[in-house]
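Here are a few short exercises to help you find your way around a new structure. Try each task yourself, then walk through the solution.

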Amino acid sequence: DTAPSSLGHLAKLTTTLQSCRPTNGPSKRIAGIVGLCVESRISNVELLQDVLAGSNHRIVKLGSSYYLEYGQVADNNEIAGQRFRVSSRTAFWLHSARSTHAPKKEGPIPPCLRTVFEALPSAPSDLGNALSTMANMVEQANALELPGIVCGVLSGKTEYRDSFYINSLFV
């Protein structure tokens, strides 16, 4: 699919995510990952797969905002990595799914999320395919709308740890 059409697909994904009501832990985790992609514009497939597996991340609240902290967790429970602002709904989904088993990438798409993934440019066959297709589409939309450094950080192709600077560009 082409980059210009990714903006339309992103708008459709955002709209369909609004009506998503996941009911169990695995579907909440997947819905949270969709939120990371379409609301926070994260297109880093490795990050999304780590969140799917329940590793290398945590949700924190600083002031009135929620963040996904991503990176290696040290012995003192600190994370040396990156911080991305997330919506309260995405934070809720990811936080409430933290103690559930991780869905398999090769597994089926939960029924409550099928309509969300049907908004993608191609019909995904499984969850892993859906996540990589969604990340690719979001990366194309980011390239059209956001500054290059922000696109690089959101796609995981550029390491940049000054989250204040990145958030000020993106907000």
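**Exercise 1.** Work out the pattern of helices and strands along the sequence.

*Solution.* Reading along the sequence, you get α-α-α-β-β-β-α-α-α-α-α. That is eight helices and three strands. Here helices (H or I, at least four residues) and strands (E, at least two) are DSSP runs, numbered from the N terminus.

Before going on: this is a predicted model, where local features need pLDDT of at least 70, side-chain atom pairs count only at pLDDT 80 or more, and totals for chains, interfaces and linings use all residues. Residues are numbered from 1 along each chain as its sequence is written, and side-chain values use heavy atoms, with hydrogens and water left out.

**Exercise 2.** Check the span of helix H2 (residues 25-38), then decide how covered it is.

*Solution.* Start with the rule: the expected span is 1.5 Å times one less than the number of residues. H2 has 14 residues, so it should span 20 Å. Its end C-alpha atoms are 20 Å apart, which agrees. Next, cover: 14 of the 14 residues in H2 are buried (under 20% relative accessible area, 1.4 Å probe, protein chains only). Across the chain, buried residues make up 46% of the 171 residues.

**Exercise 3.** Find which residues have the most contacts inside the largest nonpolar core.

*Solution.* A nonpolar core is a set of buried Ala, Val, Leu, Ile, Met, Phe, Trp, Tyr and Cys residues joined through side-chain atoms within 4.5 Å. The largest one has 42 residues, and Leu36, Leu47, Phe117 and Met134 have the most contacts inside it. Helix H6 (residues 127-145) gives the most to this core, with eight residues.

Conventions: Buried < 20%, exposed > 50% of the residue type's maximum accessible area, 1.4 Å probe, protein only.
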